[in-house]
Every structure is written in C-alpha cells, then in structure tokens.
Amino acid sequence: MNKAATDNSHFELKVKLRLDHLPDMDPVNVLDLFSGDGLIWTEVKQRVSKQINTLRIDIKPDKKGLYLKGDNLKFLQSLNLDEFDCIDVDAYGVPYKQLKEILSRNYKGIIFITYIQSVFGKLPKKMLMDLNYTAEMIRKVPTLFDRNGLLKLNNWLSLYGIKKVKRFSIERKHYSVINY
Ligand SMILES: C[S@@+](CC[C@H](N)C(=O)[O-])C[C@H]1O[C@@H](n2cnc3c(N)ncnc32)[C@H](O)[C@@H]1O
C-alpha cells in the first residue's frame, strides 16, 4: 500500500462524511489539523460549487502544497478558533490532546474526527484520568482501562456536553462528526 493510501484508508467514506456535514454557508473556513497532502479537502472542494478555504497544518515537512509545518498543538494555542466553521482532526491514533484543546475553548463549529485505537493501543492516561480512573488503578491493570476505547471516547465527550456524535466505524477505525 502506498503512503497516500495508508493516510487515507476509507477515503470515500471520509469525503462523504464531510460533504454531508458541510455547513450551509459560503465560503466555508476549515482548519485542517492533520492535513497530510490535503487529499480529503481537495476532493471535497471538487465536488461542491461553494468556496472552501483551508488552513492546513502537518508535522512533516514533505507534504504537497502550502501548509503550516509543525505540531498542530503548538499552532492550535495561538489560533482564534472562532474564525473556522469546521475543524478537521483526521488523526492516526487517539487525538485526545487536540480535542481537549478545542473543546475546552468551547468551540461551537463542526468537528470531524478520525479516531483509531490499534489492537494493543493504549488510551491516553490523561483521558482516563478525566474519566475519574486513578493513576494507581491504571498502573495496576492497564489492559482493563484500554478496553472499549470508543465507549470511553463517548463518555469523555459527554464531559463537554456532547451527547450526539454521528459515526461510521470500521473495525477499530471510527469516523465521527460533532455537529452542534
Ligand atoms: C491520516 S493522515 C492525514 C490525511 C489527510 N487528512 C488528507 O486529507 O490527505 C495524518 C497526518 O497527520 C500528520 N500528523 C501527525 N501528528 C501530527 C501533529 N501532532 N501535528 C500535525 N500533523 C500531524 C501526519 O504527518 C500525517 O500526514
């Protein structure tokens, strides 16, 4: 499998999720936190007539096109999130830190999330602690607390008042949209 394919398994599904939940406005301003080569939003732009402006970020320096290079967490702290109608969090793993930053700032736009918990994948300790599991409990039986990652994500989102999440799940990959 080539790199672009690895970055974008279930590409059509990801594109469709975004098309189905594009806000009803023109232009639409998108903050693309895990932009890669920007393939998803390039495709979305081709399928709609309205203008879509993307501010792209990626940590790797060798991606296609114009984007901010570096850790999205660093950029997130200095950006005014109210300027964006959608935030795209198309991560490889569990984007706990990014979601925490976005939600704790009371962001009210649309959030697209890719959440992948690998077979032996650990859940972020801080996320578990937000859910009132203690460091001691997690240390004693770590495997117990890494189970049911999706349920734990849902419980964690509900701490921010988010009860309804639209989602497609394929094995351990979960593609979600939070649309207030
Ligand atoms: C699943 S791919 C994204 C595919 C992309 N959304 C597209 O449309 O082609 C994940 C990307 O996130 C980037 N990445 C991982 N951690 C990051 C971080 N902390 N800050 C910024 N980019 C990151 C990786 O370099 C990779 O290109």
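**Notebook: helix contacts, a pocket and two backbone points**

I began with helix α2 (residues 11-20) and helix α3 (residues 39-47), which pack at an angle of about 55 degrees with their axes 10 Å apart. The model is a predicted one. I noted the pair as oblique, because an angle of about 55 degrees falls outside the ranges for roughly parallel, roughly antiparallel and roughly perpendicular. The crossing in which α2 passes α3 is right-handed.

Next I looked up which residues make this contact. On the α2 side I listed Phe11, Glu12, Lys14, Val15, Arg18 and Leu19. On the α3 side I listed Leu39, Ile40, Trp41, Glu43, Val44 and Arg47. Sorted by class, the contact of α2 with α3 holds seven nonpolar and five charged residues, with no polar ones.

**Second helix pair**

I then turned to helix α5 (residues 96-104) and helix α9 (residues 149-158). Their axes come within 12 Å and cross at roughly 20 degrees. I entered α5 and α9 as roughly parallel, since their angle of roughly 20 degrees is under 35 degrees. Their crossing is right-handed. From α5, the contact takes Tyr96, Leu99, Lys100 and Leu103. From α9, Leu153, Trp156 and Leu157 take part. I sorted the contact of α5 with α9 into six nonpolar residues and one charged, with no polar residue.

**Largest pocket**

I looked up the volume of the largest pocket and found about 520 Å³. Its lining has 33 residues, and the closest to the pocket centre are Phe34, Asp58, Asp90, Ala91 and Tyr92. Which elements supply at least two residues each to the lining? I wrote down the helices α1 (3-7) and α3. I added the strands β2 (52-58), β4 (86-90), β5 (110-116) and β7 (173-178). Helix α3 thus enters my notes twice, in the contact with α2 and in the pocket lining. By class, I have eleven nonpolar, ten polar and twelve charged residues in the lining of the largest pocket.

**Backbone points**

Most residues other than glycine have a negative phi, and most peptide bonds are trans. I looked for departures from this and noted two.

Asp26 and Pro27 are joined by a cis peptide bond, with omega about 5 degrees. I placed Pro27 in the loop between α2 and β1 (28-32).

Asn106 is not a glycine, yet its phi is positive, at about 65 degrees. I located Asn106 in the loop between α5 and β5. Of the elements flanking this loop, α5 is the helix that contacts α9, and β5 is among the elements lining the largest pocket.

Terms used
Residues numbered from 1 in each chain as written. Predicted model: local features only at pLDDT ≥ 70, side-chain atom pairs only at ≥ 80, totals over all residues. Heavy atoms only, no water. Axes fitted to C-alpha atoms, helices over the stretch in contact; angles between N-to-C directions. Helix = DSSP H or I, 4+ residues; strand = E, 2+ residues; numbered from the N terminus. Left-handed = near helix turned anticlockwise from the far one by under 90°. Contact = heavy atoms within 4.5 Å. Nonpolar A, V, L, I, M, F, W, Y, C, P; charged D, E, K, R; others polar. 1 Å grid on protein atoms, 1.4 Å probe; cavity = no way out; pocket = protein on both sides within 12 Å on 5 of 7 lines; lining within 4 Å. Points joined across faces, edges and corners; volume = space filled by probe spheres on them.
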